[in-house]
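Please look over the model below. A short report follows, with one topic under each heading.

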2 protein chains.
Amino acid sequence: MKEEKVSIGLIQTTCSKNPKDNLYTQMGLIREAAEKGAQIICLQELFNTLYFCVDYNDEYFDWAEPIDGELVKSLSDLAKELEVVIVAPFFEKRAKGIYHNSLVVIDADGQVLGNYRKTHIPDDPGFYEKYYFTPGDEETGFKVFDTKFGKIGTLICWDQWYPEAARITALKGADILFYPTAIGTLPTEGKKEKKEYQDAWEIIQRSHAIANGCFVASVNRVGKESGSKFWGGSFVAGPFGQMLNQAGSKEEVLVTEIDLSTIEEQRKTWPFFRDRRIDLYKPMLKRMDD
Amino acid sequence: MKEEKVSIGLIQTTCSKNPKDNLYTQMGLIREAAEKGAQIICLQELFNTLYFCVDYNDEYFDWAEPIDGELVKSLSDLAKELEVVIVAPFFEKRAKGIYHNSLVVIDADGQVLGNYRKTHIPDDPGFYEKYYFTPGDEETGFKVFDTKFGKIGTLICWDQWYPEAARITALKGADILFYPTAIGTLPTEGKKEKKEYQDAWEIIQRSHAIANGCFVASVNRVGKESGSKFWGGSFVAGPFGQMLNQAGSKEEVLVTEIDLSTIEEQRKTWPFFRDRRIDLYKPMLKRMDD
């Protein structure tokens, strides 16, 4: 088969309290990724702010930005200049009182191809997301974006625990699933929990690559914020779940060249899509089948 | 929480050309598992025969057995005597010309609780299953069996690659998913493939434990037959995908005590079921969403 090489850049970093500073820092890291050859560059969840869902504080709603505002404009200009695709997850203000954990996909000519809004919203001690984020709805979830460098699907953090989200995005034609993430351990949790959580987090995402015969690229932030210590470990997995490249627990620009032609090779050898029993999957639409 | 201990026995072994011999051997191994404390004992896929789907040969249909025949009767008597639950996967003759890759679940009093018929049927070089097996249909797939020692769901081999099968079985209330299996490498495949395949096989099944917050118990045969070299490696995973116990690549009776009360603990800490977006999952019922 003819090779279809594409280079993915994942940017895992820390954030300060100042969204503008974070934007400039990460624009610098995008330049670094592009210099290293990255063609599709994905930032971490809520890339320009702290992970603020650690408590209930309505001042944080001021950090939300409209999709047609300055934040996206800056990235769009940069994408055009560098001729790279940028996946930028941010706190979106859709309307007065409607805020989303969202992302935009910007094509290599600077055009905003659209946005995806986090569909599965967590809510646990230290992760009070149901207070801040209206869940994505039918209009924006689940989606594939046909970029200059490949068809990509985008999901956000908690979505990663749901095989349904990965499957539907793959069925829409995604060759790479991107998972911007903010995951870590709470101060009450130790090494044992960290290992168990990170193992599970890697396994579930690698399983989406396996089940769907596609690439998975996951980006996680690093650093200690008031709530969690984020473990980084951003990675790219191949279409049989192979760990192709992985970052450590510090700031890192991880650039990985992949070959999209291996997707069809994989699906011919292990033809899972061929044998799906769509006649028997209706109970998937139930809360419990009790 | 009050502990709910149960002990699982997985029997991974070789098979000879003689189904009767294999039955007797494995009845001996069931005794051994029961002596070691196993309460729910699961045999490997097509437990009393070679993995015969390596070529097209209609003589193998003679190995199929009715569910109300001698084979199941022998195991039922044994289950009653030992007071253990037995999951017995076998080549089922349902009618003249309808054969299934099936299993029965026998309760600890010897009663046959029902059968499950493999839903996803592979068909690849050396695994010509679509020739031999009619796929399971709505009547028998997907199912949960309420046994003396716990609610168990059963799936067979190729089913393991499908998150849908695991999800639906868990939604029906399964606390443990059993995956009897026959998987190995062909003579043309080397160490690299073996590692990649076995990794993927473990990851996808551990991911079902994670996504559904339940236990997964997988049994694989061992030994070299005319087609494949089966890698064994039977294992039990906990409700966050933890590898609790794993067999090697030789004949082994693997007994593992688990605590079912950890399921609810896991689901309270990581409440994935709470947040499923059943309003958005209809595309799961499509072949492709193109």
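## A threonine in a strand

Is A:Thr147 buried or exposed? This is a predicted model, and in it A:Thr147 has a relative accessible area of 6%. The cut-off for buried is under 20%, so A:Thr147 is buried.

Where does A:Thr147 sit? It belongs to strand E6 of chain A, which covers residues 144-147. A:Ala108 is 39 residues away along the chain. Yet the C-alpha atoms of A:Thr147 and A:Ala108 are separated by 7.6 Å.

## Aromatic rings

Aromatic pairs can be searched for across the whole structure. Over all chains, 62 of them turn up. One is formed by A:Phe52 and A:Trp63. Their ring centres are 5.9 Å apart, and the planes stand at 75°. That makes the pair edge-to-face. Planes over 60 degrees apart count this way. A:Phe52 and A:Trp63 are 11 residues apart. Each lies in the loop between strand E2 (40-42) and helix H2 (70-82) of chain A. Both residues are buried.

A:Trp63 also pairs with A:Tyr60. Here the centres are 5.1 Å apart and the planes meet at 45°, so this pair is tilted. A:Phe52, A:Tyr60 and A:Trp63 are among the members of one aromatic cluster. Other members include A:Tyr56, A:Phe61, A:Phe91 and A:Tyr99. A:Tyr128, A:Tyr131, A:Tyr132 and A:Phe133 belong to the cluster too.

## Salt bridges within chain A

How many salt bridges are there over all chains? The count comes to 41. One of them joins the side chains of A:Lys36 and A:Glu32, at 3.3 Å from N to O. How open are these two residues? A:Lys36 has 47% relative accessibility, so it counts as partly exposed. A:Glu32 is also partly exposed, at 31%.

Another salt bridge links A:Glu265 and A:Lys268. Their closest N and O atoms are 3.4 Å apart. Both residues lie in helix H6 of chain A, which covers residues 261-269. They are three residues apart, about one turn of the helix. A:Glu265 is partly exposed, with a relative accessible area of 34%. A:Lys268 reaches 51%. Exposed means over 50%, so A:Lys268 counts as exposed. Elsewhere, salt bridges that share partners form a network. It joins A:Arg274, A:Asp275, B:Asp124 and B:Lys130.

## A bridge between the chains

A:Arg167 and B:Glu164 also meet in a salt bridge, with N and O 2.8 Å apart. This pair crosses between chains. A:Arg167 lies in helix H4 (residues 163-171) of chain A. B:Glu164 lies in helix H4 (residues 163-171) of chain B. Are these two residues buried or exposed? Both A:Arg167 and B:Glu164 are buried.

## Positive phi in chain B

Which residue of chain B has phi near 50°? B:Leu46 does, and this is a positive value in a residue other than glycine. B:Leu46 is found in the loop between strand E2 (40-42) and helix H2 (70-82) of chain B. Its relative accessibility is 0%, so B:Leu46 counts as buried.

B:Glu83 has a positive phi as well, near 55°. B:Glu83 is placed in the loop between H2 and strand E3 (85-95) of chain B. With 49% relative accessibility, B:Glu83 counts as partly exposed.

## A buried isoleucine

B:Ile156 lies in the loop between strand E7 (150-154) and H4 of chain B. Is B:Ile156 buried or exposed? Its relative accessibility is 0%, so B:Ile156 counts as buried. B:Ser102 is 54 residues away along the chain. The C-alpha atoms of B:Ile156 and B:Ser102 are separated by 7.9 Å.

## A positive patch on the surface

Which residues gather in a patch of positive charge on the surface? They are B:Lys194, B:Lys224, B:Lys229 and B:Lys250. Take B:Lys224 from this group. B:Lys224 lies in strand E11 of chain B, residues 222-224. The relative accessible area of B:Lys224 is 70%. The cut-off for exposed is over 50%, so B:Lys224 is exposed.

Definitions and conventions
Residues are numbered from 1 along each chain as its sequence is written. Chains are lettered from A and ligands numbered from 1 in the order in which they are written. This is a predicted model: local features need pLDDT of at least 70, side-chain atom pairs count only at pLDDT 80 or more; totals for chains, interfaces and linings use all residues. Side-chain values use heavy atoms; hydrogens and water are left out. Patches are made of residues with over 30% relative accessible area and no salt bridge: like charges are joined within 9 Å, nonpolar side chains (Val, Leu, Ile, Met, Phe, Trp, Tyr) within 5 Å. Accessible areas come from the Shrake-Rupley method with a 1.4 Å probe; for residues, only the protein chains shown count as cover. A salt bridge is a side-chain nitrogen of Lys or Arg within 4 Å of a carboxyl oxygen of Asp or Glu. Lys and Arg count as positive and Asp and Glu as negative; His and the chain ends are not counted. The place of a charge is taken as NZ of Lys, CZ of Arg, CG of Asp or CD of Glu. Helices (H or I, at least four residues) and strands (E, at least two) are DSSP runs, numbered from the N terminus. Buried means under 20% relative accessible area, exposed over 50%, partly exposed in between (1.4 Å probe, protein chains only). Rings of Phe, Tyr and Trp (its six-membered ring) pair if their centres lie within 6.5 Å; planes under 30 degrees apart count as stacked, over 60 as edge-to-face and the rest as tilted.
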